[in-house]
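Subject: Structure handover and notes

Hello,

Please find the structure below, with my notes after it. Could you read them alongside the coordinates?

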Amino acid sequence: MSTENNINQLYKNSIKILTDLIAFKTVSGEDNNSLIDYCDEILKKLGATSFKTFDEEKKRVNLFATIKAKKPNGTKPIILSGHTDVVPVSKSWSTDPFKATIKEDKLYGRGACDMKGFIACALAYAPIYSKANLNRDINFSFTFDEETACQGAPILIEELKKRGIKNGICIIGEPTNMKIIDAHKGCYEYTTYFEGLAGHSSAPHKGVSAVEYAAQYVNKLIELRQELKNRTSKKSIFDPPYSTLQIGGIFGGIAHNVIADKCHVNWETRPVVKEDGIFLNSEIDKYANEVLLPEMKKVSSKSSIKKEIIGEIIGFNRVQNSEACELVSSLTRDNSREVVSFGTEAGLFQEIGISTVVCGPGSIEQAHKVDEYIMLDELKKCLDLLEGIKKNSTVN
Ligand SMILES: [Zn+2]
């Protein structure tokens, strides 16, 4: 077969696999076992070894599979990483979101760009890796529930640490139009629950209004937001340059004339540096426990304030001479470095010493939207990158 035929075949396979992947309704929080089994089977047939890590109920699963080097020479292993979950769909789609539909130069479907497109390319390319004289391992890391504050990846990372897999080059194929992303802020989400004492509104002193205490808590957060701005270093590469904070919702109360006994606040912060997250948490916890709670308890000893961590996606920090970025640059001939405003699993890999880059097919503009699509051309570009990785990882 000529090289061109090979490339065509690869491209067709990537579309076939992407179509299969989209048909698995792996909305975050749902069971993703069948999708993972599908991927595991493809890789096992090629001789890959693999292990799985699970959530507590074994309902959601991460896969880590390895195509071993035939001629290992100490070169750092590659990790091709993608999340298998997708965000929910609404009724306003013009096609079935779980059926890949090709129209002109686009393939529509939930997860087409975020980020089953990358996983499909990696799986389509895997047979070539398995036949090549690899001088390093090529790993496939497929996680669950990235979209809900990276719940799956930390479980996988723990296992990697146990197995001593702490060095390598990781490419996270989130949709970046194949541009090199080398940093993003963290993304921490919280819900804080207030419990007071219900009562008749005519005697507010006899109750503890959870809504009113929640309001004070929110005010304190807004005050701290200003302090976060003041903490920013002039060298920040982000837009906006400072750590942000946002209140997503306040929920509480049942009627005008009833003292609300329950209220909760959804809020998030996007720290530029880890220290900002630590600062903010310690300040707000101190305020809740040392100022608000004693006041609430004066009236009802059962009052409580509980902060639940929904997720803490750690930031992805720019490093000079990143091996991962330099490898991708050498293959795509693109020396630019960009930052993004969305969170990824990159910081988790980086934290255990794995050189990491975010680079993948499709555009974040189409992610999380009605009629999500990927430009077919992007799949080809991604296959080119995977081809480059092969050339870079083979000895004769
Ligand atoms: Zn994503």
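The expected span of a helix is taken as 1.5 Å times one less than its number of residues; helices (H or I, at least four residues) and strands (E, at least two) are DSSP runs, numbered from the N terminus. This is a predicted model, in which local features need pLDDT of at least 70 and side-chain atom pairs count only at pLDDT 80 or more, while totals for chains, interfaces and linings use all residues. Residues are numbered from 1 along each chain as its sequence is written, and side-chain values use heavy atoms, with hydrogens and water left out.

Helices

Helix H3 covers residues 112-131; at 1.5 Å a residue its 20 residues should span 28 Å, and the end C-alpha atoms are 28 Å apart, which agrees. H3 nevertheless has a kink of about 35 degrees at Tyr 125, shortly before the proline Pro 127. The bend at a residue is the angle between axes fitted to the seven residues ending there and the seven starting there. Of the 20 residues of H3, 17 are buried, so the helix is largely enclosed by the rest of the structure. Here buried means under 20% relative accessible area, exposed over 50%, and partly exposed in between (1.4 Å probe, protein chains only).

Helix H2 (residues 33-45) has 13 residues and should span 18 Å at 1.5 Å a residue; its end C-alpha atoms are 18 Å apart, in agreement. Buried residues in H2 are Asn 33, Leu 35, Ile 36, Tyr 38, Cys 39, Asp 40 and Leu 43. Gly 47, just after H2, takes a positive phi of about 90 degrees.

Zinc site

The zinc ion is coordinated by His 83 through NE2, by Asp 114 through OD, and by Glu 174 through two OE contacts, at 1.9 to 2.7 Å. Donors are N, O and S atoms within 2.8 Å of the metal (3.2 Å for Na, K and Ca); water is not among the atoms, so sites may look incomplete. Why is the arrangement irregular? The four donor atoms subtend angles of 52 to 139 degrees around the zinc ion, which makes it so. For reference, four donors count as tetrahedral if all angles lie between 85 and 135 degrees; four count as square planar and six as octahedral if opposite donors are over 155 degrees apart and all others between 65 and 115; anything else is irregular.

Along the chain the donors follow the spacing H-x30-D-x59-E. His 83 in strand S3 (residues 78-83) and Asp 114 in helix H3 are 31 residues apart, and the pair links distant parts of the chain. Both His 83 and Asp 114 are buried.

Backbone outliers

Most residues other than glycine have a negative phi, and most peptide bonds are trans. The bond from Asp 114 to Met 115 is cis, with omega near -15 degrees, and Met 115 lies in helix H3. A cis bond also runs from Asp 239 to Pro 240, with omega near -10 degrees; Pro 240 is in the loop between H5 and strand S11 (244-252).

Glu 104, not a glycine, has a positive phi of about 50 degrees. Glu 104 sits in the loop between strand S4 (101-103) and strand S5 (106-108), and is exposed, with a relative accessible area of 76%. His 368, also not a glycine, has a positive phi of about 65 degrees. The loop between strand S16 (355-358) and strand S17 (373-375) holds His 368, which is partly exposed at 44% relative accessible area.

Aromatic contacts

There are eight aromatic pairs in the structure. Rings of Phe, Tyr and Trp (its six-membered ring) pair if their centres lie within 6.5 Å; planes under 30 degrees apart count as stacked, over 60 as edge-to-face and the rest as tilted. Phe 194 and Tyr 217 are edge-to-face, because their ring centres are 5.1 Å apart and their planes are at 80 degrees. This pair links distant parts of the chain, with Phe 194 in strand S9 (residues 187-195) and Tyr 217 in helix H5 (residues 210-230), 23 residues apart. Phe 194 and Tyr 217 are both buried. Together with Tyr 190 and Trp 267, Phe 194 and Tyr 217 form one aromatic cluster.

Arg 231 lies over the face of Phe 279, at 4.2 Å from the ring centre, and Lys 106 lies over the face of Tyr 373, at 5.4 Å. A charge sits over a ring if NZ of Lys or CZ of Arg is within 6 Å of the ring centre and within 35 degrees of the ring normal.

Regards
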